[in-house]
Amino acid sequence: MAEKKIIAVVGATGAQGGGLVRAIMSDKGGPFTARALTRDVNSDKAKALAALGAEVVKADVDDVESLKKAFAGAHGAFCVTFYWAHYSPETEIAQARSMAQAAKHAGLQHVIWSTLEDTRKWVPLSDDRMPTLMDKYKVPHFDGKGEANQVFTELGVPTTLLHTSFYWDNFIFFGSGPQRGPDGKLAITFPMGDKKLPGIAAEDIGKCAYGIFKRGREFVGKSVGIAGEHLTGSQMAAALSKALGQEVGYNAVDPDVYRSFGFPGADDLGNMFQFKRDFEKDFCGARNLEFARSLNPELQTFDQWLAKNKDRIPLE
Ligand SMILES: NC(=O)c1ccc[n+]([C@@H]2O[C@H](COP(=O)([O-])OP(=O)(O)OC[C@H]3O[C@@H](n4cnc5c(N)ncnc54)[C@H](OP(=O)(O)O)[C@@H]3O)[C@@H](O)[C@H]2O)c1
């Protein structure tokens, strides 16, 4: 049997990378094996990946030498950054540069960079429809990733730019779930009006990334986008109502109202949703559902995701 090619996976104990490690390791007859990168090889999550047969190695995206070691001898790598751990686009760009440098050093054949749009191409800083944040961004957690695309290109790393979507898991973990209003009724709140939000089960991002690696060099040098469904706030509320067995409404607030909510990152997310609302055609158009399904035939719809996860959604 031919030796399996190694895919080094950054963020392996997290949502995107974890999905990829599980996808690779569950395809026993497949061409790849996973090398899971973590800062703590002894954590329960790291041990769970080792139990699947993945090689688990220590690396930190802030430490380029650790990345060089972790990428050595691999065929490819999945690269992702962790905006909500530090709230700094500059840190994301520096970490992307370290990953690209390590990929170049290791001579990797294929890197997937998990990125998002640089929204300043649609909303220049001079456009006052939304506030400029941190002096030079409109949507900091998007713009830094988009700006970092060029780092991979400049270094000549064979890269696929993977544009991801809003995780439906945010209804469980990120405070986006239904909340009870003063009237006692549950509602979700997004400043999206009647526009569609591309969403995906976080686990499916890794499965789609696996599909990209399996297609060989087809998507090297290309930009691709994935989603499970494109749904309006009303459609998501209707699906939640059905799954939870109680009515969930949709508060289509103004982006200014969302930005004023005051939780960390509310201004960034308010701008993000406004960008997705105002450029619905481009944003949804960049995330083709049939394409995602061709990479990952198990791609979940929102209803399917809810059927599995509805009991994990906290109802306040
Ligand atoms: N939430 C959404 O809807 C959404 C949608 C699209 C894109 N995104 C983007 O997704 C990114 C996060 O990806 P995720 O959700 O897969 O992350 P995650 O689930 O939060 O996982 C992060 C993992 O990365 C590892 N990590 C953190 N800092 C690290 C470092 N310095 N070096 C090496 N590993 C580190 C941690 O593992 P160890 O502790 O084991 O080292 C952790 O388990 C964010 O940048 C966000 O903007 C989010």
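Me: Which residue of β5 is the bridge partner of F78?
Reply: I112 is the partner of F78 in this predicted model. The pair belongs to the contact between strand β4, residues 76-79, and β5, which run parallel with 4 bridges.

Me: What joins β5 to strand β6, and in which sense do the two run?
Reply: They run parallel, joined by 5 bridges, with β6 spanning residues 159-163. One position to look at is W113, whose bridge partner in β6 is L161.

Me: Which elements make a β-α-β unit with β4, and what is its hand?
Reply: Helix α4 (residues 89-106) and β5 complete the unit with β4, and the unit is right-handed. From β5 the chain goes on through helix α5, residues 140-154, to β6, in a crossover that is also right-handed.

Me: How should I read the two sides of a strand such as β5, and which residues lie on each?
Reply: In a regular strand, side chains alternate between the two faces of the sheet. For β5, H110, I112 and S114 are on one side, while V111, W113 and T115 are on the other.

Me: Are those faces of β5 buried or exposed?
Reply: Both are covered, with the residues named on either side all buried. Counted over the strand, residues 110-115, that is 6 buried of 6.

Me: Turning to the ligand, how many residues surround it, and which are the closest?
Reply: The shell has 25 residues, and the closest are T13, T38, T81, K145 and Y167. By class, 10 are nonpolar, 10 polar and 5 charged. Elements that each supply at least two shell residues include α1 (15-26), α5 and β7 (166-167).

Me: Which backbone atoms should I check against the ligand's oxygen atoms?
Reply: Start with A15, where a polar backbone atom is 2.8 Å from a ligand oxygen. R39 has a backbone N or O atom 2.8 Å from an oxygen of the ligand. For Y83, the distance from a polar backbone atom to a ligand oxygen is 3.1 Å. As for cover, the ligand on its own has 940 Å² of accessible area, and the protein covers 81% of that.

Me: Where in the chain does M134 lie, and what is its phi?
Reply: M134 is in the loop between β5 and α5. Its phi is near 50°, a positive value in a residue other than glycine. D135 lies in that loop between β5 and α5 as well, with a positive phi near 75°.

Me: Why does M134 count as partly exposed, and D135 as exposed?
Reply: M134 counts as partly exposed because its relative accessibility is 42%, between the cut-offs of 20% and 50%. D135 has 74% and therefore counts as exposed, a class that begins over 50%.

Conventions
Residues numbered from 1 in each chain as written. Predicted model: local features only at pLDDT ≥ 70, side-chain atom pairs only at ≥ 80, totals over all residues. Heavy atoms only, no water. Buried < 20%, exposed > 50% of the residue type's maximum accessible area, 1.4 Å probe, protein only. Pairing = 2+ DSSP bridges. Right-handed = clockwise from strand over helix to strand, strands pointing away. Near = heavy atom within 4 Å. Polar contact = N/O pair within 3.5 Å; in protein donor to acceptor, adjacent residues only side chain to side chain. Areas by Shrake-Rupley, 256 points an atom, 1.4 Å probe, with all protein chains shown as cover. Nonpolar A, V, L, I, M, F, W, Y, C, P; charged D, E, K, R; others polar.
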